[in-house]
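Thanks for asking me to look over this structure with you. My notes are below as numbered points, so you can follow along at your own pace.

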Amino acid sequence: MNPSGTLTYPQLTSTRFVAAFLVIVYHFGILPRRVIPFHWFDQIHFFNLAGGSAVYYFFVLSGFVLTAAYHGRPLHYGLFIANRLGRIYPVYFVALCLTLLVTSLPLELVSGLLHTPSIDATKQLVKVALLSAKTLNKRDLCLSVFLLQGWHVTTWQVFNGPGWSLSVEFFLYLLFPFLLPLVRRKTETYRLVFLIAGIAGSIACPLLLASPLVDSSRGFLFIGSPLLALPGFLLGMVAYEFGLRNRLPAGSLVPAFVFLGSVGCCVLLLSVFVFEASDFLLNPFFALIIWSLSQDTSLIARTLAHPKLVLLGEISYGYYILQLPVFLIASQWLHLFDGLTDTAFFYLFNSLLLLVAWGSFRGLETPVRRFVKTITARIDHRLTALKQRDLPLQESA
């Protein structure tokens, strides 16, 4: 999941919610549930593949948004990583802790405390929590804390499963400062290399995973591997640079047609794919969708730029990463979904998750991000001042 947003392209921000919603449908709206309207017309196969591919849309969008955000701006590696961690890590860590808490504590103790709160019951619960913490797999816990769980097929889904995509994002963040100067160059060489690598890599990924030479059930090359997200990330970077250097005239209908054609191709391909690894083939179409929306001024872009849709896009990170702990707390501790039909459960859960995600965005994500940005901006200002002070000395030498 890409947690980045941009005010320059609000129409792109809102698409993050669409992608996140497809993930939620994949996890909670289809098999074994039968939620209206996702089981109509035998579309379970489509939503099954769409939910998985939606995560890879985030990686393409991340490449585009980060390249746009640092256009014409200096990039200090440490400050960049600090800003990105300030954006993704607080909610990620809270989601991890909540998941560990819910899965470690005995349900009967929690239910007893919720029904009859007391000091003794609280002490007993804390004691059990400490004992449960000692039994956790230390390797898996360390990997999850340091965003490294996505590097092996045996660990990528540990604890808070959706967190694997943040492991991928962190890897892409580490690479981005090295890739950006290359794609920025005036010559087309590196942009052409990135474009070829992105398309070729997107085609090679499903072939690689289907190859008998690769055992994806045991190694680090599997459908969630950070390495396999790199082609889409490169395409996102190239899509921004292409749009920057090839601006279309105002009012051009080309972006709208490209958008509709690319969306249509995605829907068609998801309807005929036979296995999940084929999702990588959508990367070029994701890049076209993002490019077209960034250039578009038609009704499509104006609709997606509506403030309420943009807000949904802003809270989509919490909506995505908090889905498992919110579900576990609501279902196991609070029993909110007891006796509900599949459809009623899904929409009640979505409403609750959106409310929690909004609270997370307002109360945690935004304040922490502003605090980190304030600190890094001060450091950046001091570094710039030092460079300007030293420059006359270097010139005189």
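1. Let us begin with the whole chain: what percentage of the 397 residues of the protein count as buried? The figure is 48%. Please keep in mind that this is a predicted model, so every value here is computed from predicted coordinates.

2. Now look at the overall build. The protein has 16 helices and 0 strands. Its radius of gyration is 23 Å, close to the 21 Å that the globule rule gives for 397 residues, so the protein is as compact as a globular protein of that length. If you picture a box along the principal axes, the C-alpha atoms fill roughly 75 × 60 × 50 Å. The contacts tell you about the fold as well: among those between residues at least 6 apart in sequence, 78% join residues at least 24 apart.

3. Helix α6 is a good place to zoom in. Just at its start, Asn-137 caps the N-terminal end of α6, with a side-chain oxygen 3.0 Å from the backbone nitrogen of Arg-139. At the other end, α6 is followed by Leu-147, which has a positive phi near 60°. To see what is unusual there, recall that most residues other than glycine have a negative phi.

4. Inside that helix, which covers residues 138-145, you will find Asp-140. Is Asp-140 buried or exposed? Its relative accessible area is 10%, and because buried means under 20%, Asp-140 counts as buried. The side chain of Asp-140 makes a polar contact with the side chain of Arg-139, at 2.9 Å. Setting aside neighbours within four places in sequence, Asp-140 is in contact with Thr-155, Val-158 and Phe-159.

5. One of those partners deserves its own look. Phe-159 sits in the loop between α6 and α7 (164-184). The phi of Phe-159 is near 60°, a positive value in a residue other than glycine. With 23% relative accessibility, Phe-159 counts as partly exposed.

6. Another of those partners, Val-158, leads us to an enclosed space. Rolling a probe the size of a water molecule over the atoms shows where empty space is left. How many cavities of 30 Å³ or more does a search of the whole structure find? The search finds 1, and the largest cavity holds about 30 Å³ of space. Its lining is made of Tyr-92, Leu-96, Ser-144, Gln-149, Val-158, Asn-160 and Gly-163. By type, the lining residues of this cavity divide into 3 nonpolar, 4 polar and no charged.

7. Next, turn to the second largest pocket, which has a volume of about 400 Å³. The elements that give two or more residues to its lining are α1 (10-28), α2 (44-69), α10 (254-272) and α11 (283-295). There are 18 lining residues, and those nearest the centre of the pocket are Val-18, Leu-22, Val-263, Phe-286 and Ile-289. The lining of this pocket divides into 16 nonpolar, 2 polar and no charged.

8. Between two of those helices, have a look at the backbone. Most peptide bonds are trans. Which form does the bond from Leu-31 to Pro-32 take? That bond is cis, with omega near 0°. A cis peptide bond also joins Ile-36 and Pro-37, where omega is about 5°. Pro-32 is placed in the loop between α1 and α2, and Pro-37 is placed in the loop between α1 and α2 too.

9. Further along the chain, Ser-331 belongs to helix α15 (residues 323-333). Ser-331 counts as buried, at 19% relative accessibility. Its side chain reaches the backbone oxygen of Phe-327 at 2.6 Å.

10. After α15 comes a loop that leads to α16, and His-335 lies in it. His-335 has a positive phi of about 55° although it is not a glycine. The relative accessible area of His-335 is 35%, which makes this residue partly exposed.

11. Finally, find Gly-359 in helix α16 (residues 342-396). Gly-359 is partly exposed, with a relative accessible area of 32%. How far apart in space are Gly-359 and Ile-315? From C-alpha to C-alpha they are 8.8 Å apart, while in sequence they are 44 residues apart.

Key
Residues are numbered from 1 along each chain as its sequence is written. This is a predicted model: local features need pLDDT of at least 70, side-chain atom pairs count only at pLDDT 80 or more; totals for chains, interfaces and linings use all residues. Side-chain values use heavy atoms; hydrogens and water are left out. Helices (H or I, at least four residues) and strands (E, at least two) are DSSP runs, numbered from the N terminus. Buried means under 20% relative accessible area, exposed over 50%, partly exposed in between (1.4 Å probe, protein chains only). A polar contact is a pair of N or O atoms within 3.5 Å; within protein, one must be able to donate a hydrogen and the other to accept it, and residues adjacent in sequence count only if both atoms are side-chain atoms. Contact means heavy atoms within 4.5 Å. On a 1 Å grid over the protein atoms alone, a cavity is a set of points where a 1.4 Å probe fits but cannot get out, and a pocket is an open set with protein on both sides within 12 Å along at least five of seven lines; lining residues have an atom within 4 Å of a point. Grid points are joined across faces, edges and corners, and a volume is the space filled by probe spheres set on the points. Ala, Val, Leu, Ile, Met, Phe, Trp, Tyr, Cys and Pro count as nonpolar, Asp, Glu, Lys and Arg as charged, and the others, Gly among them, as polar. The radius of gyration is taken over C-alpha atoms; the globule rule is 2.2 Å times the number of residues to the power 0.38.
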